[in-house]
Amino acid sequence: MISGQYPALLVIVPLLAACLIALAGWLKPVLCFPLAATGLLGAVWSAVGLLLRVAGEGPILYRLGGWPPPVGIAYAVDHLTVLVLVVVASVALVNLVASRATIEREQVHRRGPFYALYVLSVTGLLGIVVTGDAFNLYVLLEIAALSGYALIAMGSPRAPLASLNYLFMGTIGATFYLLGVGILYIQTGTLNMADLALRLAPLHGSPALLVAFLVIIVGLWLKMAFYPLHGWLPGAYTYAPSAASSLMAPLTTKVMIYVMIRLILSVFTPAYAFGVLKLEGLVVWLASAAIVAGAVMALAQRDLKKMLTYLIVAEVGYMVGGVWLGTKTGLTGAILHLINDAAMTLTLFLAAANLVFRTKSRRIEDLKGSFARMPWTMTGLAAAGLAVIGVPPFCGFFSKWYLLQAALEAGQYQFLAALLLSSLISAVLFFRLFEAALFEPAGGKPGHGRGRREEGMAEAPPSMVIPLLVAAASLVAMGLATRLIVQGFILPALSGGPGGLS
Amino acid sequence: MEPLVSIRPLLAVLVSLAAVPVLVSARNRNVREGWTFLAAVAKLVLVASLLPPVLAGREVVYTLVQVLPGIAIAFKVDPLGLLFALVSSSLWIVTSAFSIGYMRGLNEHSQTRYYAFFAVALSATIGVAFSANLFTLYLFYEVLSLATYPLVVHHQDGEAKLGGRKYLTYILGTSIGLVLPAMVVCYLLSGTLDFQPQGFIAGTVGPLGGTLLVLAFVFGFAKAGVMPFHAWLPAAMIAPTPVSALLHAVAVVKVGAFSILRVLTGVLGTGWLARMDLGLVVAWIASFTIIVSSLIALSQDGLKRRLAFSTIGQLSYIILGAALLSPRGLTGAFSHIAMHAFGKITLFMCAGAIFVATGKTHISQMAGLGRRMPLTFLAFLAGSLSVIGLPPCGGFISKWNLLLGTLEASSPALMVVLLSSSFLNACYFLPVVFRAFFHPPFDRACQGPVAEAPPWALVPPVLTGLASVALFFYPRPFLDLARMAATTLGGG
């Protein structure tokens, strides 16, 4: 039965699609987009199918090729996995559709490689989420990352250097992770996550485990751009082609945070990560610093995309802080923010892509009058901005709500203050944009007392606007569906598993 | 009595929102303004249709969606909410008429944007009025903040942008910085945010925490202009006058005061406040604002700025009345929402009519203008008397109840505050009228035969001026609703 093979199809369909696209790039470039779309549609289909199955039957253990776990690779699919899978697959698909126009314009002669790398990168990300094997995760991590470096390097003239910088940092991060996994393997003789959890339980006092944990976490922090390890991110995402930045900005950091949550929940167990190590205080302080630093640095930017990248740095702080509060509410907030932030970042970067597409400039001051010229794009940007600020009923409010609540429960008031401060700074950030876009006509003086003023519209093509509006609408829909998401997926994910939280 | 489940509260909120797409796509300004009127009338009809069940003692409830465990977007129409909704929706009709006169008279730009955001703002106002819990209230409060921002910056010149920035800084800064954490605390303490007649946090928080909560809410709803968070109001007077009239004398500022009333009664509870002696704290904060803002108003020459400072003082009357925690005080506070709204909107629309007819904005330039615009200044007189609280105007009724409330609460000092403020109100309003009628003309524009503003700008203030007088003789249904609300909410 095909529905039983969803975990494998999820990875194999886009992987095959990527290979076919690479071929088509030589033979018949017109086919690249349809192939990519089909591949990702297959991924979305499998992810939604898995979501429905897990919602009905509970977690699934899938053995790749039928090999039993210690030898073969197991895919562990629980409530958290399916939630993130659906987000990753749909973000990738929506962005692919939205980016077609820019890809065809910017990558005229490299459509084949571009689409192939795009789909390959998504394959890697989906695999990372679905795998239940620590070493397999590393392999997929590198697949996603390597194709990502290449995608970024296809951007503006400064992109190759930014990508090289990212490559160095990313490789260090991945190596740290591999080092940690190596230590775990020496200690336990297994790479399967479920097995690892069982065999690590007696080792909680061991210094080797401590080193493994720290090395893995620091490696992941590097890959997720957790302040102060964020240096590679702004350049890489700013100079990347629009299509690549709006794929990677919503997904890469979020998937790394997912890996961190997954390892803490299913391998090290919360009892070890929070109960034995007691690093919460330190990490939550770091996260608070990340939030404030990200927001302040965003404030200093004149480049729209760069401003958005610093917002990502702040948002990573939200999630890391939420996780390390070490409580159920905190993790709920972090996971909820993970999926909300993916949608918000996607909307922001799609809007930015539309603006860059039309104005050919990333500078904030060139946004003047853009509400009149590009009303739909700006509507999307406004929705995303309000979600980031945390205005209900947009989804950003609700994850912030859980995080605030968790911070209060845990008595971590500096985190509470950082969350509120960053909301206020985002309000300044976005209203600065809106003010310029609404009230400063691109040409001529303000039209006080001059009757109706008509300006020519120069909206992005529908193929870019419609996906943007879909993404923007999802911000409200996800906000209103918060209770369903939390009770249907996040809480079951947190209460199951070896280290269920109280 | 069993609450009545009905979708009407939701419809009343949404009707103006539904008009927005039509407004925006209308090619012709007559069509556009026709739709504005239609939406305004439909809104009033929907709100008024809720009056019979509420007067009969039933609450009308509707739950839209359960967003978080224990938190829903839900509506509940009780006497207090209905009172406020009735005031806002009836005054929207008058203001729409005035907007047409004003905006066409001055040939303003971007009128479509103006009408669209006005409609959104009204939706949000009714949403606040009908909120069944603190979360829903916060949601609509924020929608209102955002929807009024483009209205404040309408002139889109440097000064307007500065005014808009100040507006957002104060309003969003306090709502995110103070109300949001206070709301999270309330939810953590009690697991609910649903308004209840005697509040829901009694017994969950000590004196220090309680005081902090009260302060966070009173200052956090900065739309109420409690000092020191009042400075956005004069700055926002840069908006076109109809905006100032409806939003900054009625909807926005009253939403602030209403939110504070809701929290004092529905979240904290009058009984709890009395036991904690916190009513007095709030009362003195409000008293300070009342006196200081009245003194500042005295020194203002810009008519709209004087009105703005007067509004700041009058809003604190409402808060003071609620803080008295006595049935009379609450009745006074609730009815002052209505009475002050009619009085103050008259004053603002008069200021607008004067500006449309003569371009004058400063009181010193209006000497002798009364002989030229007698109807406008008579309306101004009626509005002034109502705001001062003198018969035969509606304001007398609410201030009378407030004064009785201070006696019930046996705090003569607060009575002195109210009386001296009324005296100050008279000092800054009556000379305006006196100069207009009895001083020699300031310049040529103040001379000549009677020449009022165009009818669209003249009739609305005259109507609301008449209404201010009529409310003295016939204060129902506002007073009935205020009394009912005071009985249920202050019965502890």
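Modeller: Two residues are in contact if their C-beta atoms, placed from the backbone, lie within 7 Å. This is a predicted model. With that meaning, Val88(A) touches Leu125(A), Leu126(A), Val129(A), Leu251(A) and Val255(A), leaving aside residues up to four places away in sequence.

Biologist: Which residues have the most contacts inside the largest nonpolar core?

Modeller: They are Leu85(A), Val88(A), Ala89(A), Val119(A), Leu126(A), Leu83(B) and Ile319(B), in a core of 414 residues. The largest share of this core comes from helix 10 of chain A, residues 242–276, with 21 residues.

Biologist: Is there a general pattern behind such cores, and what tends to be buried together?

Modeller: In soluble globular proteins, nonpolar side chains tend to be buried together.

Biologist: Turning to chain B, how many helices and strands does it have?

Modeller: Chain B has 19 helices and three strands. Its radius of gyration is 21 Å, close to the 23 Å that the globule rule gives for 492 residues, so chain B is as compact as a globular protein of that length. The C-alpha trace of chain B spans about 70 × 55 × 45 Å along its principal axes.

Biologist: What percentage of chain B is buried?

Modeller: Buried residues account for 64% of the 492 residues in chain B. As for its contacts between residues at least 6 apart in sequence, 82% join residues at least 24 apart.

Biologist: How do the strands of chain B pair, parallel or antiparallel?

Modeller: Strand 1 of chain B, residues 4–5, pairs with strand 2 of chain B in the parallel sense over two bridges. There, Leu4(B) stands opposite Val60(B) of strand 2. Strand 2 and strand 3 of chain B, the latter at residues 71–77, run antiparallel and are joined by seven bridges. Tyr62(B) stands opposite Phe75(B) in strand 3 of chain B.

Biologist: What lies between strand 2 and strand 3 of chain B in the hairpin?

Modeller: Two residues lie between these strands, and Gly70(B) in this hairpin takes a positive phi near 80°.

Biologist: On to the contact of the two chains: how many residues does each give?

Modeller: Chain B gives 31 residues and chain A gives 29 residues. On the chain B side, strand 2 (60–68), helix 6 (134–152) and helix 7 (158–190) each supply at least two residues.

Biologist: Which helix of chain B gives the most to that side?

Modeller: Helix 7 of chain B does, with twelve residues. By class, the side of chain B that touches chain A has 19 nonpolar, eight polar and four charged residues.

Conventions
Residues numbered from 1 in each chain as written. Chains lettered and ligands numbered in written order. Helix = DSSP H or I, 4+ residues; strand = E, 2+ residues; numbered from the N terminus. Rg over C-alpha atoms; globule rule 2.2 N^0.38 Å. Buried ≥ 20, exposed ≤ 12 C-beta atoms within 10 Å, placed from the backbone. Nonpolar A, V, L, I, M, F, W, Y, C, P; charged D, E, K, R; others polar. Pairing = 2+ DSSP bridges. Core = buried A, V, L, I, M, F, W, Y, C linked by C-beta atoms within 7 Å.
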